[in-house]
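Here is a short tour of one chain, from its overall make-up to its nonpolar regions. Have the sequence and the model open side by side as you read.

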Amino acid sequence: MEYLIPIIVTIAGLVVSILIGLSYAKRAGKNRIQDAEAKARQIIEESEHQSVIKVKEADLSAKDKLIEMKHVFERETQSKHNEIRREERKLTEKQNSIERKMDLLRKKERDAQTQERLIAKQEKQTRQKQNELDELLERQNRQLERVAGMSAEEAKQILIGNLEQEARVEATKTIRAIKEKAEANAAREARQIIIDSIQRCAADTTIESTVSVVSLPSDELKGRIIGREGRNIRAFEIATGVDVIVDDTPEAVILSGFDPIRREIAKIALEKLILDGRIHPARIEEIVKKAEKEMNVIIRETGDQTCFEVGIHDINQELVMLLGRLKYRTSYGQNVLQHSVEVAHLSAHIADLLELDPQTARRCGLLHDIGKAIDRGQEGTHTELGYEVARRHGEKPIVLNAILGHHADVEAETPYTIITMAADAISGARPGARRETMENYIKRLERLEKVANGFPGVDKSYAIQAGREIRVIVEPDEINDKESYYMASEIAQKIQEELEYPGQIKVTVIRETRAINYEK
């Protein structure tokens, strides 16, 4: 019994200790659970905060992307608007030009109608006066017959007998005067024969092109030239005015345009961009401006070199620039600058043979096609444009007449104009001298003459000036002067409808009456 009490006390202490431990453990577990819950709530709050931040960042990024796309769209839209405005200005200018031409045509039509009425009135008055004159002559003849006591036929025979001797004397004097005049003009006629013979010479031809090829180091550059969504190639075409063709041609792109100077500027600019490597719209505009300045320098140096080669050193600088521009112009496939230099040398040689001033002839030949360098948007033929620009810069009347008359548009006032016409013909305005083959050339002239011969009243027709002019000779008994004007217009209209031809064709209708007799 005594041993049981300590054991019971010990067991009771252990039980109390266990209960105390369990109570303590329960409180500790509860505290840990509370701490865990607090940490979980903190983690959840931080996660929610991070989610809010991420959403805001995504929202801001989307807004930035939207703003950037809006700016790109606005720039492209502005570029399109600018292009549309330029096209509208061009269309307005063309419309104004057409309206001016229509006003001029209406004025000419009114003038022609007024002239027709005036001519009809004059013809009526002429017929009345002719009838009055016939009646007066009839009365005078009857009166003379009564006074002279002989008939009109008898008086005519007596008068013819008296006039025969005087006519023989006058004829002898006229023949002598004609012979003297022929001898005096023999030297001039000989010169003309030489010039006409020279026009039978031939010349080589070149080929006109409307494209330029730019070589690339590799095909990878094609993508950079095009740019993202075509921005680079579009900016290049707008800045240069030429079309850029990127096709399957290996390591090359093609520049296409009818203006050779713009095409050359585009070629220089594209080669510089390829060499520089930085290809974007702003850089393209900068390089194109530099290429334009470089092109002006090249044109000026070409004009100076041409004047030095020909031996003319007192030409106005603007005319020198126009000569340089001729390097990039072609006519019927022939380079106009080379043609002008050749005409200058030929004119000098011809003038020297004819004992005229070679320097003046050389100047006329060099400047005869200067009008072809002037902007094609201006109205007028190249002879008229060349005449105006040369006149403004103080060229002499001899040179001005050669420029205006080397296609026989006006009358030649000096031998130098005839020399320029001959040299121009030698250089290119004859069969085979330019782009056409002889066979095609002959067929074109035959078709041209066939059109003219198809009109009633036409006796014969001749295509001259390498098919740039046709002269139609009509029967004077079937076609009067008034109808000849209408015929020229109708032939020109039919040529325009049925034939394809380069440049303009001048139609000249000739009506003449000849009285020919021979001495027996």
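## Overview of the chain

Of the chain's 520 residues, 29% count as buried, that is, under 20% relative accessible area with a 1.4 Å probe and protein chains only. This is a predicted model, where local features need pLDDT of at least 70, side-chain atom pairs count only at pLDDT 80 or more, and totals for chains, interfaces and linings use all residues. Residues are numbered from 1 along each chain as its sequence is written, and side-chain values use heavy atoms, with hydrogens and water left out.

The chain-wide values sit together here:

| Feature of the chain | Value |
|---|---|
| Secondary structure (DSSP runs: helices H or I, at least four residues; strands E, at least two) | 15 helices and 8 strands |
| Accessible surface (Shrake-Rupley, 1.4 Å probe) | about 35600 Å², 54% of it from carbon and sulfur atoms |
| Contacts (heavy atoms within 4.5 Å) between residues at least 6 apart in sequence | 62% join residues at least 24 apart |

Now for the inside. The largest nonpolar core (buried Ala, Val, Leu, Ile, Met, Phe, Trp, Tyr and Cys residues joined through side-chain atoms within 4.5 Å) has 34 residues, and Leu322, Leu326 and Leu367 are among those touching the most other members. Helices supplying at least two residues each include H7 (281-310), H9 (336-353) and H13 (415-427). The largest share, 6 residues, comes from H9. Beyond its neighbours within four places in sequence, Leu367 contacts Ile315, Leu323, Glu395, Val399 and Ile403. A separate core of 27 residues includes Leu221, Leu255, Met295 and Tyr328.

Finally, Leu14 lies in helix H1 (residues 4-148).

Conventions: Buried means under 20% relative accessible area, exposed over 50%, partly exposed in between (1.4 Å probe, protein chains only).
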